[in-house]
Amino acid sequence: MLACKPVREYNVNVETLLSFIDPQIGKTIEQRNPTDFFCKEDIMEESTTDLLNIFDKTPADRMDSFIFEHAKDIPQKMLFSTYIRQTDIPLSKVYANCAGYISKSYFYDVVNGTKNAPSRDVVLIICLAAHLSRKETRRVLENYGHRELYLKDTRDIIIATHINNEDFSIATINEDLYAHDCRLLHDTEVSYDS
């Protein structure tokens with residue numbers, strides 16, 4: 001069971017927090033005390049701007065508390081398996097979706113966390129094969145030290161457009177990349193990040 005903290009320790013606006021509470025559960029919003037306890041999971045995810053505002057007001061001695069409350073790090077070893085588990089796609093189907101682009105042994109090495117530095121293309125291929133959203137893809141790319149999909153780069157725009165339209169076919173994406181004279185998605189040990 002998760003430990004809960006009083007609202008005042010989360011550095012969030014109490015009225016905003018209370019607006020997320022179902023009035024049918026327990027007390028009504030008007031009856032709630034601002035110091036009632038809520039679990040971290042009951043609070044909606046803050047935007048980056050909100051987090052920056054909170055961070056700017058966080059003293060150095062509260063750094064550990066800020067990390068606990070707001071960090072979204074997932075150990076790299078568990079990254080793909082964590083995201084893939086959230087989808088309805090079995091791991092064997094994820095591999096089938098990227099077959100021909102990544103070898104089976106390399107795919108499982110990356111997914112199981114034994115390969116620590118896959119290229120950006122390998123990460124993108126697995127994200128596409130797992131049907132990850134653009135936000136999830138961004139987080140995976142960042143976690144592996146690659147830049148996110150950059151919307152001023154033709155190649156990345158094409159990939160992001162397909163993700164946004166839930167068209168995860170790597171073959172179709174490669175056709176569009178080819179039509180725009182962009183480098184195709186493929187398994188490579190060479191990182192083209194600049």
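This passage describes the fold, the nonpolar core and one buried arginine of a predicted model. Local features need pLDDT of at least 70 and side-chain atom pairs count only at pLDDT 80 or more, while totals for chains, interfaces and linings use all residues. Residues are numbered from 1 along each chain as its sequence is written, and side-chain values use heavy atoms, with hydrogens and water left out.

The protein has 10 helices and two strands, taken as DSSP runs numbered from the N terminus (helices H or I, at least four residues; strands E, at least two). From the N terminus, the elements follow the order β-α-β-α-α-α-α-α-α-α-α-α. Of the 194 residues, 36% are buried (under 20% relative accessible area, with exposed over 50% and partly exposed in between; 1.4 Å probe, protein chains only).

A good place to begin looking inside is the largest nonpolar core, with 37 residues. Such a core is a set of buried Ala, Val, Leu, Ile, Met, Phe, Trp, Tyr and Cys residues joined through side-chain atoms within 4.5 Å. Phe 80, Cys 98, Ile 102, Phe 107, Ile 126, Val 140 and Leu 185 touch the most other members. The largest share, eight residues, is supplied by H7. Beyond its neighbours within four places in sequence, Cys 98 is in contact (heavy atoms within 4.5 Å) with Phe 107, Ile 125, Ala 129 and Ile 170.

Arg 155 lies in helix H9 and counts as buried because its relative accessibility is 7%. Its side chain reaches the backbone oxygen of Arg 183 at 2.7 Å. Outside its neighbours within four places in sequence, Arg 155 has contacts that include Arg 120, Asp 121 and Leu 185.

Key:
A polar contact is a pair of N or O atoms within 3.5 Å; within protein, one must be able to donate a hydrogen and the other to accept it, and residues adjacent in sequence count only if both atoms are side-chain atoms.
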